[in-house]
Amino acid sequence: MITTGVKDEEKWLAAGIAGLQQNAFYMHRALDSNNLKDALKYSAQMLSELRTSNLSPHKYYELYMRAFDELRKLEIFFREETKRGCSIVELYELVQHAGNILPRLYLLCTVGSVYIKSKEAPAKDILKDLVEMCHSIQHPLRGLFLRSYLSQVSRDKLPDIGSEYEGDADTVMDAVEFVLQNFTEMNKLWVRMQHQGLAREKEKREKERSELRDLVGKNLHVLSQIEGIDLDLYKDTVLPRVLEQVVNCKDEIAQGYLMDCIIQVFPDEYHLQTLETLLGACPQFQPSVDIKMVLARLMDRLSNYAALSAEVLPEFFQVEAFAKLNSAIGKVIEAQEDMPIAGVVTLYSSLLTFTLHVHPDRLDYVDQILGACVQKLSGKGKLKDNKARKQIVALLSAPLEKYKDIDTVLKLSNYPSLMEHLDDATSKEMANVLVQNILKNKTSISTAEKVEALFELMKALIQDLDEDVNDELDEDDFQEEQNSVAQLIQMLHNDDPEEMLKIICAVKKHILTGGPKRLPFTIPPLIFNSLKFVRRLHSHDDNAPEDEASAMPKNFFQILNQIIETLSIVPVPDLALKLYLECAEAANDTDLEPVAYEFFTQAYILYEEEISDSKAQVTALHLIIGTLQRMHIFGVENRDTLTHKATGYSAKLLKKPDQCRAVYACSHLFWVDDQNNIQDGERVLLCLKRALRIANAAQQMSNATRGSSGSVLLFIEILNKYLYFFEKGVSQINVASIQSLIELITTEMQSENTLADPAADAFFASTLRYIQFQKDKGGAVGEKYDPINS
């Protein structure tokens with residue numbers, strides 16, 4: 001084709017359209033006056049504009065469509081002429097006298113359409129005549145559009161079975177032969193375009209050819225619409241002829257596109273029954289053809305067919321589809337040694353999708369596909385190609401999405417080996433997919449062996465990997481990941497104590513490699529899951545001998561103690577202290593006094609040696625007091641030791657207000673409602689009086705340093721403790737002590753040295769309202785509160 005500038009091409013197109021419109025005008029005038037001679041003359045001149053070689057395919061198409069519209073009107077005129085008595089045979093002969101070959105053939109195709117419709121001659125003879133005459137045009141662009149026009153006007157006039165143009169017994173073969181012949185010639189013309197012009201314009205020619213590919217592909221669509229083509233005819237004639245043309249054209253663009261057309265236009269069941277023929281053609285294609293995409297589309301098409309109904313699956317088994325596809329993929333990969341890894345994985349991913357639809361029960365097939373991938377990746381280490389990594393994630397995710405059961409996936413021996421080829425970031429992504437699948441489907445993982453295998457797959461989420469040093473992960477994303485792991489750990493369970501112990505040990509082994517950043521997320525759920533199991537175990541073993549009932553919980557507590565100790569490397573002493581106290585409470589619930597005492601001892605050691613921040617000390621001390629108050633297992637000696645320690649810690653806090661609050665909190669350690677052996681009113685009163693002294697000291701310190709006595713909030717809090725124990729019936733807490741405390745608070749609040757504190761005022765007023773409310777109740781309660789003057 002002549003190389004032209006854009007402006008010149010626009011000029012030539014405008015000239016062509018002008019000439020076409022001018023001759024179309026005269027043709028319309030001749031049509032209106034029923035002047036056949038002039039109509040043929042001007043239509044031939046109009047069609048001569050299509051003889052140009054100056055236009056690109058895109059511009060030529062624009063000109064062609066204008067001519068096509070005019071030819072539709074001319075065809076209607078020819079049809080009317082035959083009704084008025086004009087012989088169609090003579091008309092068919094007459095148009096062949098046109099001077100130029102291209103207009104002559106366009107007119108011949110137009111009249112031929114009317115000729116077939118008149119049924120004065122067999123459709124097959126006219127079609128054969130037309131398709132052979134079109135050989136006269138060998139210019140690629142002009143020939144393509146001419147044959148496209150022939151295909152367009154004849155598509156509804158083929159001698160197909162059931163058609164009004166049906167002929168003798170071989171009528172279907174006549175229709176097939178016509179379409180195949182036209183397709184073959186169009187493909188030759190299309191391929192020839194690639195070899196015309198300068199070498200430097202190769203890219204431009206490929207683009208132009210891509211614009212024209214649908215003209216060729218439409219023939220295959222017409223072929224697929226022929227009703228008379230059954231499976232036998234397709235298998236014996238149609239497909240071999242089409243594939244012969246595809247293979248012999250030796251053109252990269254044509255082979256890739258036409259194979260895609262074959263896969264898309266013909267029925268799925270035909271593909272299934274001719275699988276071997278289709279696959280056999282692939283190795284014969286040009287090396288540059290993207291065969292992996294061809295095979296991938298074929299497998300995707302077959303997968304969708306299999307997914308439609310289980311009734312078609314026997315057809316797949318009968319033709320041994322998996323074996324043939326697997327073999328074909330192997331040959332393609334072997335033939336194309338330089339195929340990118342992403343392409344290899346794409347092929348196996350499509351095969352896996354096919355297998356999961358057709359053979360969902362054949363885990364050996366799934367594992368075989370994964371194994372083939374592993375073999376291909378052997379020696380390549382971690383993949384650097386991002387596309388290949390994404391394909392592997394898709395490949396590994398497919399069994400999870402299909403089976404929705406991690407147990408099934410863990411049976412695939414090649415699954416872990418394939419994950420080994422992912423870099424740390426992608427391994428983490430894949431591990432997250434695994435975890436989310438388990439959480440979504442609430443899968444139960446109930447053996448240590450499965451836990452071991454699963455956590456090996458998840459190691460990117462639970463271990464500090466090399467890349468983490470330089471890779472700043474978003475904190476929110478990191479927390480979300482670790483929270484998912486924590487949820488998973490909570491789901492691990494087995495009713496058998498020995499197996500559950502093995503599970504805990506397996507999890508422990510993996511999460512302890514998680515480093516200081518991960519341990520605070522992963523250790524607590526393991527501890528709480530274990531404690532939940534220990535409590536359940538104790539409730540079920542109430543009737544068992546004492547030695548047997550306590551032996552297994554002790555084993556659990558030993559492991560838990562070791563796990564909590566590892567938090568010292570983080571360090572998070574406040575978290576470790578909380579977990580020790582949780583374990584102590586669980587030991588209390590399972591009647592294991594020595595174990596509970598040991599956990600409290602560990603908590604106290606942590607408090608003394610590791611927790612130095614004053615706020616953290618206050619929080620930790622209140623946790624200790626609260627937990628100790630709920631313990632019922634301790635004998636007098638052990639409880640006194642622990643209580644004495646707690647009260648001692650309270651008095652040593654840095655700030656006086658913190659001391660005061662901790663000391664009055666300790667009063668609860670000496671009075672527990674449901675335990676008669678822990679009801680020591682004297683020591684309750686001693687704690688409260690000590691708290692009052694500390695509160696008073698705080699007032700004095702404030703007065704000395706600030707010139708004012710500060711808030712009376714501490715006195716009001718102590719008053720509420722007095723009221724609490726007064727209601728509980730502690731005889732040492734009497735009306736007089738409460739009354740004197742109320743008067744003290746009132747005096748302090750009225751003092752000029754006391755700072756105004758709206759919160760304290762509201763708290764005191766609320767307390768007095770409560771006292772009045774109790775008085776108003778009447779009865780024993782009212783009588784008890786009545787002596788208090790509020």
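Which element gives the largest share of the lining of the second largest cavity? Keep that in mind as you open the file, which holds a predicted model, and begin the tour inside it.

**Stop 1: a cavity**

The structure holds 4 cavities of 30 Å³ or more, and the place to start is the second largest of them, where about 40 Å³ of space lies. Rolling a probe the size of a water molecule over the atoms shows where empty space is left. To see what surrounds this cavity, select Ser148, Ser151, Gln152, Arg155, Met186, Leu215 and Lys218, which line it. The elements that give two or more residues to this lining are α7 (140–154) and α9 (202–224), and the largest share, 3 residues, comes from α7. If you colour the lining of the second largest cavity by class, you will find 2 nonpolar, 3 polar and 2 charged residues.

**Stop 2: Gly143, in helix α7**

Stay with helix α7 and select Gly143, which is found in it. Gly143 counts as buried, at 1% relative accessibility. Leaving out residues up to four places away in sequence, Gly143 touches Ile137 and Leu189. Leu189 is 46 residues apart from Gly143 along the chain, yet the C-alpha atoms of the two are separated by 7.0 Å.

**Stop 3: Tyr257, in helix α11**

Next, select Tyr257, whose place is in helix α11 (residues 252–265). Tyr257 is buried, with a relative accessible area of 11%, and, with neighbours within four places in sequence left aside, Tyr257 is in contact with Trp190, Arg213, Asp214 and Gly217. For a distance to draw in the viewer, take the C-alpha atoms of Tyr257 and Gln194, which are separated by 15 Å while the two residues are 63 residues apart along the chain.

**Stop 4: the nonpolar core**

In soluble globular proteins, nonpolar side chains tend to be buried together. Here the largest nonpolar core has 274 residues, and those with the most contacts inside it are Leu223, Ile262, Phe316 and Tyr415. Select Ile262 and display what surrounds it: apart from neighbours within four places in sequence, Ile262 is in contact with Leu220, Tyr234, Leu239, Val242, Leu243, Val246, His271 and Leu278.

**Stop 5: Leu275, in helix α13**

Now move to Leu275, which is found in helix α13 (residues 275–281). Is Leu275 buried or exposed? Its relative accessible area is 0%, so Leu275 is buried. Its contacts, once neighbours within four places in sequence are left aside, are with Leu298, Leu302, Ala321, Lys324 and Leu325. If you then select Gln558, 283 residues apart from Leu275 along the chain, you will find the two C-alpha atoms separated by 63 Å.

**Stop 6: the cysteines**

How many disulfides are there? The count comes to 0. A disulfide is a covalent bond between the sulfur atoms of two cysteines. Select Cys134 together with Cys109: the sulfur of Cys109 is the closest cysteine sulfur to that of Cys134, but at 4.4 Å it is too far for a bond, because a disulfide needs the two sulfur atoms within 2.5 Å. Cys134 is itself buried, with a relative accessible area of 1%. Turn next to Cys249, which is in no disulfide either, the nearest cysteine sulfur, that of Cys261, being 12 Å away. Cys249 is also buried, with a relative accessible area of 14%.

**Stop 7: two loop residues with positive phi**

Select Asn34, which lies in the loop between α1 (6–32) and α2 (36–47). Although Asn34 is not a glycine, it has a positive phi of about 55°, and at 42% relative accessibility Asn34 counts as partly exposed. Then select Lys404, whose place is in the loop between α19 (386–403) and α20 (406–410). Lys404, which is not a glycine, has a positive phi of about 50°, and at 47% relative accessibility Lys404 counts as partly exposed.

**Stop 8: Glu244, in helix α10**

End with Glu244, whose place is in helix α10 (residues 231–248). At 46% relative accessibility, Glu244 counts as partly exposed. A last distance to draw runs from Glu244 to Tyr42, 202 residues apart along the chain, whose C-alpha atoms are separated by 42 Å.

Note on methods: Residues numbered from 1 in each chain as written. Predicted model: local features only at pLDDT ≥ 70, side-chain atom pairs only at ≥ 80, totals over all residues. Heavy atoms only, no water. 1 Å grid on protein atoms, 1.4 Å probe; cavity = no way out; pocket = protein on both sides within 12 Å on 5 of 7 lines; lining within 4 Å. Points joined across faces, edges and corners; volume = space filled by probe spheres on them. Helix = DSSP H or I, 4+ residues; strand = E, 2+ residues; numbered from the N terminus. Nonpolar A, V, L, I, M, F, W, Y, C, P; charged D, E, K, R; others polar. Buried < 20%, exposed > 50% of the residue type's maximum accessible area, 1.4 Å probe, protein only. Core = buried A, V, L, I, M, F, W, Y, C linked by side-chain atoms within 4.5 Å. Contact = heavy atoms within 4.5 Å.
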